Amino acid sequence: MSSQSNVKLTIALSNPDLDAEEQERETRNLLREIRDLDVESAELVAVTEIPKGAMSVGGFLVGVLQTEVSLANFKKLLGFLGDRLGNKTVELEVEANGKKLKVKASSKEELSAVIEQAQKFVAGN
């Protein structure tokens with residue numbers, strides 16, 4: 001499948017109750033679970049330029065991972081994220097068709113709306 005039909009998703013978790021080490025552990029657990037899904041790739045985001053307010057541990061941004069998934073499996077990945085991250089503050093950046101959508105949610109209701117918005121964005125609606 002060509003990379004044109006793949007969707008890139010950057011997931012940034014934010015939990016002020018966790019220290020950097022706990023946040024990294026939570027992110028790595030999520031990464032492991034995402035890799036078990038049918039995704040093209042899933043990695044922690046390496047530090048190249050640290051955004052204002054972001055932390056890094058061991059050369060990676062804390063709480064941030066990137067995945068690339070086929071268009072066919074995008075909805076499945078979003079469903080997984082909705083189930084797994086419903087009560088967490090999460091920021092998603094979706095890149096598809098040469099465009100980007102950046103959205104943030106901090107409740108299950110907001111995440112459901114964000115997921116619907118991301119699906120419409122990727123579908124071109």
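Q: At 22% relative accessibility, does E93 count as buried, partly exposed or exposed, and what is its class?
A: This is a predicted model, where local features need pLDDT of at least 70, side-chain atom pairs count only at pLDDT 80 or more, and totals for chains, interfaces and linings use all residues. Residues are numbered from 1 along each chain as its sequence is written, and side-chain values use heavy atoms, with hydrogens and water left out. Buried means under 20% relative accessible area, exposed over 50%, partly exposed in between (1.4 Å probe, protein chains only). At 22%, E93 is therefore partly exposed.

Q: Which residue meets the side chain of E93 in a salt bridge?
A: A salt bridge puts a side-chain nitrogen of Lys or Arg within 4 Å of a carboxyl oxygen of Asp or Glu. Here the N to O distance is 3.6 Å. The partner of E93 is K100.

Q: Which residues are linked with E93 and K100 in a network of salt bridges?
A: K100 is exposed, at 55% relative accessibility. The network holds E93 and K100. Its other members are E91 and K102.

Q: How many residues apart in sequence are the parts that E33 and R84 tie together?
A: E33 forms a salt bridge with R84, at 2.6 Å between the closest N and O atoms. E33 lies in helix α1 and R84 in helix α2 (helices are DSSP runs of H or I, at least four residues, numbered from the N terminus). The pair therefore ties together parts separated in sequence by 51 residues.

Q: Why are R28 and E24 separated by about one helical turn?
A: Their side chains meet in a salt bridge of 2.9 Å, N to O. Both residues sit in helix α1. The separation is about one turn because they are apart by 4 residues.

Q: Where do the buried residues of α3 lie around the axis?
A: The buried residues are L111, V114, I115, A118, F121 and V122. They cover an arc of only 125 degrees, taken from the directions from the helix axis to the C-beta atoms. That puts them on the same side of α3.

Q: Which exposed residues does the face of α3 turned away from its buried side carry?
A: Helix α3 spans residues 108-123. Cover for its buried residues includes β1, α2, β5 and β6. The face turned away carries E109 and A123.

Q: Which residues touch the most other members of the largest nonpolar core?
A: Such a core is a set of buried Ala, Val, Leu, Ile, Met, Phe, Trp, Tyr and Cys residues joined through side-chain atoms within 4.5 Å. This one has 31 residues. Those touching the most other members are I11, I34, L81 and V94.

Conventions. Helices (H or I, at least four residues) and strands (E, at least two) are DSSP runs, numbered from the N terminus. The expected span of a helix is 1.5 Å times one less than its number of residues. Contact means heavy atoms within 4.5 Å.
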